[in-house]
Amino acid sequence: MPLTLIKGGFRIVGAAPDGDSIRFHPDDPAAFPRAGIPVRTNATGGAQLRLEGIDSLETHYSPRVGGLGQLHQPIRLAEQAAALLPRLLGFTEVERDDQTVVSSVPERVPGYILTRFADKYGRCVAFAFGGDSARSDLESVFVRPEDLAGSANSEMLDAGLAYPTYYSKLFPDLRAALTDAYRGARTARRGIWAEDVTESGFTVTGLETLTEQAVILPKLFRRLVDYLALGDGDASLDGFPAYLATVDDRLIIASTAAVTGFDNVLDIQGQQVRMTRPPEDLIFIEA
């Protein structure tokens, strides 16, 4: 199945882009309806993108319940990712107040996306590129693995500032191309890979373990802080396996084709947690 190429531009003033999401404005205001993709747009026609196949450290995440407010992962690496994505797409200067962009140079950069669906929140799931394409707007494109080389998605992985995080609608050959980009960064210990403890394991002594110390897969971070938010400050993980089972994140283990839950690829011993499979071996099933 092909992807639709949509031309437009990226604008970030007033938004808080991180390392895997940014706002895109199509040249054709009716681009998403014409492509048959139910994307939620704002009053100016901008759509929030979720970059396909990657997940960067959280700069501002609010747990589903509880009063913990906005949380972040180790902020130095999270902010490096948030700074790199706009640069990859063509912004030369970005000024922020906290996480919100208050000015950028230029105000808008041209670009295009390759997409075919939106997630359950109305975000367009896409490969993002800076500059122009020789192809026509709204053209159907059979994307080859080599076509991803200039995408922000691939370059974030190559820089070591995003984890590969795959969902079931991503084509296997494109998933393999992203995995190649990620493995180079991991082998060279670039970015997050100099500090990642997702598979080696970490001990949760409090919320600060997750926000200040442990560099881990963002999906695991989100599930852990969602769980801790239920405990009103109690850091015990005694109920975490049962909580994960109720959340029921379903996934496919690519190497075995087994369908299971996220809880079954985690080893939880008291306060110690580790993921038993590398991130590229997990294919999460879209909700």
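Start by selecting E280: at 14% relative accessibility, E280 counts as buried (buried is under 20% relative accessible area, exposed over 50%, partly exposed in between, with a 1.4 Å probe and protein chains only). Now add R183, whose side chain meets that of E280 in a salt bridge, 3.5 Å from N to O. A salt bridge here takes a side-chain nitrogen of Lys or Arg within 4 Å of a carboxyl oxygen of Asp or Glu. This pair links distant parts of the chain, with R183 in helix 4 (residues 172-188) and E280 in the loop between strand 16 (272-275) and strand 17, 97 residues apart. Helices (H or I, at least four residues) and strands (E, at least two) are DSSP runs, numbered from the N terminus. R183 is partly exposed, at 42% relative accessibility.

Before you click on, know that you are looking at a predicted model, where local features need pLDDT of at least 70, side-chain atom pairs count only at pLDDT 80 or more, and totals for chains, interfaces and linings use all residues. Residues are numbered from 1 along each chain as its sequence is written, and side-chain values use heavy atoms, with hydrogens and water left out.

**Next stop: E286 and R50**

Select E286 and R50 together. They form a salt bridge, and the closest N and O atoms are 3.3 Å apart. E286 lies in the segment after strand 17 (282-284) and R50 in strand 3 (residues 47-51), so the pair ties together parts that are 236 residues apart in sequence. Are these two buried or exposed? E286 counts as buried at 18% relative accessibility, and R50 is buried too, with a relative accessible area of 14%.

Keep both on screen and add D119 and R123: R50, D119, R123 and E286 are linked in a network of salt bridges. If you fancy hunting for others, a search of the whole structure finds 21 salt bridges.

**Over to D28**

Select D28, found in the loop between strand 2 (21-26) and helix 1 (31-35). Its partner to pick is R34, which forms a salt bridge with D28, the closest N and O atoms being 2.6 Å apart. The two sit in unlike surroundings: D28 is buried, with a relative accessible area of 16%, while R34 counts as exposed at 60% relative accessibility.

Those side chains also show up as a polar contact of 2.6 Å between D28 and R34. A polar contact is a pair of N or O atoms within 3.5 Å; within protein, one must be able to donate a hydrogen and the other to accept it, and residues adjacent in sequence count only if both atoms are side-chain atoms. Show the backbone of A30 as well, and you'll find the D28 side chain reaching its nitrogen at 2.9 Å.

Now pick D27, also in the loop between strand 2 and helix 1. D27 is partly exposed, with a relative accessible area of 48%. Which distance separates the C-alpha atoms of D27 and D137? It is 8.6 Å, for residues 110 apart along the chain.

**A surface patch**

Switch to a surface view and select E79, E95, D97 and D98, which form a negative surface patch. Patches are made of residues with over 30% relative accessible area and no salt bridge; like charges are joined within 9 Å, and nonpolar side chains (Val, Leu, Ile, Met, Phe, Trp, Tyr) within 5 Å. E95 is in strand 5 (residues 93-97) and is partly exposed, with a relative accessible area of 48%.

D98 is found in the loop between strand 5 and strand 6 and counts as exposed, at 64% relative accessibility. Check the backbone of D98 as well: phi is near 60°, a positive value in a residue other than glycine.

**Backbone oddities**

Most residues other than glycine have a negative phi, and most peptide bonds are trans. Go to L138, in the loop between strand 8 (124-130) and strand 9 (140-141), where phi is near 65°, again positive in a residue other than glycine. Then select V105 and P106, joined by a cis peptide bond with omega about -10°. P106 lies in the loop between strand 6 (100-105) and strand 7 (108-118).

**Last stop: P63**

Finish at P63, in the loop between strand 4 (54-55) and helix 2 (75-89). P63 is buried, with a relative accessible area of 11%. Draw a C-alpha to C-alpha line from P63 to V247: they are 184 residues apart in sequence and 14 Å apart in space.

Conventions:
Areas by Shrake-Rupley, 256 points an atom, 1.4 Å probe, with all protein chains shown as cover. Lys, Arg positive; Asp, Glu negative; His and termini not counted. Charge placed at Lys NZ, Arg CZ, Asp CG, Glu CD.
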